[in-house]
Every structure is written in C-alpha cells, then in structure tokens.
Amino acid sequence: TRLDSNRCVAQLAAKADAPPALVQNVVVWGGQLSASGAHQHIGIGQARIGRVPVANAIAEREQYWATEFGAALQKRGADVVRARRAPCALSTARAVASHVKDLFQGTKPGEVVSMGVLAEKGDSYGIEPGLVFSVPVQCRGDDTYRIVAGMADEGDFTALRQAEEALRQQRAQVLSKGK
C-alpha cells in the first residue's frame with residue numbers, strides 16, 4: 001500500500017509542480033495495484049497539496065484523472081526498472097521504512113496515511129471482516145493506529161465495493177488451490 005501511495009504522491013506532485021512533501025492525505029483503498037486496477041482505488045477527495053485541495057491544484061484535472069493518472073501509476077514500476085535497469089527494490093525499501101516510521105513515531109497531526117489492515121466488524125467503511133484492506137489511518141506512534149472515518153466521498157464507495165469484491169475473489173481462488 002505505501003509503495004502505491006508514494007507513487008501517487010510523486011505523480012500528483014510532479015503534475016502540480018510541487019515538492020512531494022506538500023502532498024498529503026491521498027488514500028489508497030483496497031489491495032495492491034493490479035494491471036486492471038480492479039483491486040485498488042485512489043481517493044483524493046480529502047487530499048491536498050499544501051493547503052490547496054488536490055482537485056483545485058491540478059489544471060485540466062478532469063482529463064488528467066480520466067486518462068493520465070491511472071495509466072501512469074500502473075506503469076510506474078516498469079518505468080523505474082527501465083530507468084535503473086534494476087528492480088525497484090529501493091522504492092519498496094523506502095515504502096517499508098516510511099510505514100514503520102509512521103507506526104513507531106506517529107503521523108503528523110491531521111495527516112492520514114494508507115495502510116493495509118485486517119478489517120473488523122463494525123468498521124466505518126463496511127469492509128468484510130477478516131479481509132486485509134487498505135484504509136486511511138492515523139498512527140499514534142506506539143505501534144498502533146486508528147482507522148480514520150469519513151475519508152471516502154460518494155464516488156469512492158462504488159470503487160471500494162469493487163475492490164473488496166476483487167479481493168474476495170482473489171482470496172477464494174488462493175484458498176481453493178490449497179484444497
């Protein structure tokens with residue numbers, strides 16, 4: 001999840017001509033980025049670049065969201081491998097380090113990060129209990145986190161259900177192979 005989040009942040013920062021450190025509260029919903037994109041949805045409803053909502057910070061945003069953004073994310077790993085002529089292990093290591101840092105040092109006040117967590121009954125997004133699903137969280141800095149409610153906008157919920165169904169099917173396929 002963090003690797004995909006970092007790629008989203010980099011893509012948005014480049015498009016807005018801003019430093020990546022100013023991009024906050026991008027939410028990666030679901031699972032890993034797949035070639036079809038069906039396992040994941042990127043939520044930018046609460047995201048901002050500095051103090052400006054992402055939707056207002058990027059010119060020609062409708063065309064950008066419809067064409068460039070998803071395509072660029074899906075091929076980002078391949079682009080890194082091609083440019084470095086090596087696997088994107090450094091990007092992955094940086095994502096793991098950022099994730100662990102947030103867990104043990106906490107997120108900044110008001111900052112939300114995406115984390116794949118085990119869904120529990122009664123979670124505010126209605127994800128099936130027992131499914132590992134990426135949701136917005138705030139880390140307390142003591143190896144604990146809390147799921148942040150209210151980060152999904154109307155358009156996100158349809159995509160969340162699709163990502164959830166894709167992950168359910170993937171889990172069923174894996175479990176059926178073990179029999």
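This section describes the overall organisation of the chain, the strands around β7 and a nonpolar surface patch.

In the predicted model, the protein chain comprises 5 helices and 8 strands. Along the sequence, these elements are arranged in the pattern α-β-β-β-β-β-α-α-α-β-β-β-α. Of the 179 residues in the protein chain, 40% are buried. Contacts between residues at least 6 apart in sequence were also examined, and 60% of them join residues at least 24 apart. The exposed area of the protein chain amounts to about 10,000 Å², of which 54% is supplied by carbon and sulfur atoms.

Strand β7, spanning residues 132-139, is mostly covered, with 7 of its 8 residues buried. This strand is joined to strand β6 (residues 113-118) by 6 bridges, the two running antiparallel. Within this pairing, V113 has V137 of β7 as its bridge partner. Strand β7 is also joined to strand β8 (residues 145-147), again in antiparallel fashion, through 3 bridges. Here, C139 is matched with Y145 of β8 as its bridge partner. Strands β7 and β8 form a hairpin in which 5 residues lie between them. In the turn of this hairpin, G141 adopts a positive phi of about 95 degrees.

On the surface, V96, V100 and F104 make a nonpolar patch of about 270 Å². F104 belongs to helix α4, which covers residues 89-105. The relative accessibility of F104 is 49%, and this residue therefore counts as partly exposed, given that the exposed class requires over 50%.

Technical notes: Residues are numbered from 1 along each chain as its sequence is written. This is a predicted model: local features need pLDDT of at least 70, side-chain atom pairs count only at pLDDT 80 or more; totals for chains, interfaces and linings use all residues. Side-chain values use heavy atoms; hydrogens and water are left out. Patches are made of residues with over 30% relative accessible area and no salt bridge: like charges are joined within 9 Å, nonpolar side chains (Val, Leu, Ile, Met, Phe, Trp, Tyr) within 5 Å. Accessible areas come from the Shrake-Rupley method with a 1.4 Å probe; for residues, only the protein chains shown count as cover. A salt bridge is a side-chain nitrogen of Lys or Arg within 4 Å of a carboxyl oxygen of Asp or Glu. Helices (H or I, at least four residues) and strands (E, at least two) are DSSP runs, numbered from the N terminus. Buried means under 20% relative accessible area, exposed over 50%, partly exposed in between (1.4 Å probe, protein chains only). Contact means heavy atoms within 4.5 Å. Two strands pair if DSSP finds at least two bridges between them.
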